[in-house]
Amino acid sequence: MGQALFRKFDMSLLKAEIHCHIEGAADPNLVLRLAQKYQLDMSDIIEDGAYVWSDFTSFLKAYDKASSVFRTPDDYRLLTYDYFSKLADQNCIYGEIFGSSDHAAQMGIGYNDLVQAMAAGIEDAKSETGIEGRIIMTCVRHLGPEAAIAVAELIAENPHPMVTGFGMGGDERMFDVQEFAPAYAIAADAGLGLTAHGGEFAGPDSVRDCLDHLNVTRVGHGVRSIEDPALMNRLRDENIVLEVCPGSNISLGVYENFAAHPLRKLFEAGVAVTLNSDDPPFFHTSLDREYQLATDEFGFEDDTINQFTRTALEAAFVDEPTRSKLLKKLDTHS
Ligand code: ADE
Ligand code: ZN
């Protein structure tokens, strides 16, 4: 064996993840198992045990199809348990998942059943590993503003201690951000933390729109903010946290390669960044890999990587006693 080309980052570093779509975290083997149970054909989206898709549109289609195997609350419990158990195996102490009540409703699962199932999956993983988790319920941008209002109303009318945030994923090229302001106002009134995907496929204006119209404190991806220096200053001054997902960005072709990815420039400009896996098996990644990439591809030292974890915990949509406990864990970990 030759000498390692790269400095290995310390695998014992603690981690936190605040941007992961639970359906997008589904292991292809779990999807195949459930597909067999429900006699569904997944051969167009899973080949040789891996997801297949070619661009953002076909990724979203594959994501929707994979989601269709989760047909009962217990399927969601199992999916959530599986994700959090794997996170804990990666030395992760805190995870936030994006849930989608629209995807679950399409399979006949009601909102409260979905939430209880995901919460049970988190609790099961917590009792075995100690990992903490919360749920960000999301609307789907391409389903439109009315559907988004319906999701926000469901959350507001059915409060649950584990549902602490409201978000928006889906196709950024559809609808104007402004149109989702009423949904975000309902979620804000309900006391939820707010985040939205922006600046992934759309340019910096989409990030500015999320700040101006949705009042988010975090932005999903937001990497294309790099194209607008005034926006970068604003992100830094207002301490807006970017949920950066480098592996996802390369996989989906937002940037051609890691050398072209702006993570380091964002950090050096003083923008608060975090490391996340987005839809890990779709992008052949994991939280572990994202942290490893931070060393191998972006050249960050362990202290800086720890700072990313601290930023995630500081920006987490979690109650203050739990945040303090998690920060203490990070600070006392050697
Ligand atoms: N839903 C799941 N993954 C997504 C992504 N990367 N961007 C937007 N919506 C998504
Ligand atoms: Zn995402």
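A pocket, as the word is used here, is an open set of grid points with protein on both sides within 12 Å along at least five of seven lines. That helps with the views below, which come from a predicted model.

**View 1. The largest pocket and what lines it.** About 190 Å³ of space lies in this pocket. Its lining is made up of 15 residues, and those closest to the centre are Ala25, Tyr83, Lys86, Gln90 and Pro280. Look for helix H3, residues 73-89, along the lining: with four residues, H3 gives the most to it. Sorted by class, the lining of the largest pocket comes out as seven nonpolar, four polar and four charged residues.

**View 2. The largest cavity, where ligand 1 sits.** How many cavities of 30 Å³ or more turn up? The count comes to one. The largest cavity holds about 220 Å³ of space, and ligand 1 sits in it. Some 22 residues line this cavity, and His21, Leu60, Tyr63, Gly169 and Gly170 are the ones nearest its centre.

**View 3. Which elements build the cavity wall.** H2 provides the largest share of the lining of the largest cavity, namely five residues. Strand S4 (92-100) and strand S5 (132-140) chip in too, and each of them, like H2, supplies at least two residues. By class, the lining of the largest cavity splits into nine nonpolar, nine polar and four charged residues.

**View 4. The shell around ligand 1.** Zoom in on the ligand and you meet its neighbours: His21, Phe56, Phe59, Tyr63, Gly169, Gly170, His197, Glu200, His221, Asp278 and Asp279. Which helix gives the largest share of this shell? That would be helix H2 (residues 56-67), with three residues. As for the mix of classes, the shell around ligand 1 has three nonpolar, five polar and three charged residues.

**View 5. Polar contacts at the nitrogen atoms of ligand 1.** Start with Gly170: a polar atom of its backbone is 2.9 Å from a nitrogen atom of the ligand. Asp278 joins in through its side chain, where an N or O atom is 2.8 Å from a nitrogen atom of ligand 1. Asp279 also uses its side chain, with a polar atom there lying 2.7 Å from a ligand nitrogen. Is ligand 1 mostly buried or exposed once the protein is around it? Taken alone, ligand 1 exposes 260 Å², and the protein buries 97% of that.

Methods
Residues numbered from 1 in each chain as written. Chains lettered and ligands numbered in written order. Predicted model: local features only at pLDDT ≥ 70, side-chain atom pairs only at ≥ 80, totals over all residues. Heavy atoms only, no water. Near = heavy atom within 4 Å. Polar contact = N/O pair within 3.5 Å; in protein donor to acceptor, adjacent residues only side chain to side chain. Areas by Shrake-Rupley, 256 points an atom, 1.4 Å probe, with all protein chains shown as cover. 1 Å grid on protein atoms, 1.4 Å probe; cavity = no way out; pocket = protein on both sides within 12 Å on 5 of 7 lines; lining within 4 Å. Sits in = over half its atoms within 2 Å of the grid points. Nonpolar A, V, L, I, M, F, W, Y, C, P; charged D, E, K, R; others polar. Points joined across faces, edges and corners; volume = space filled by probe spheres on them.
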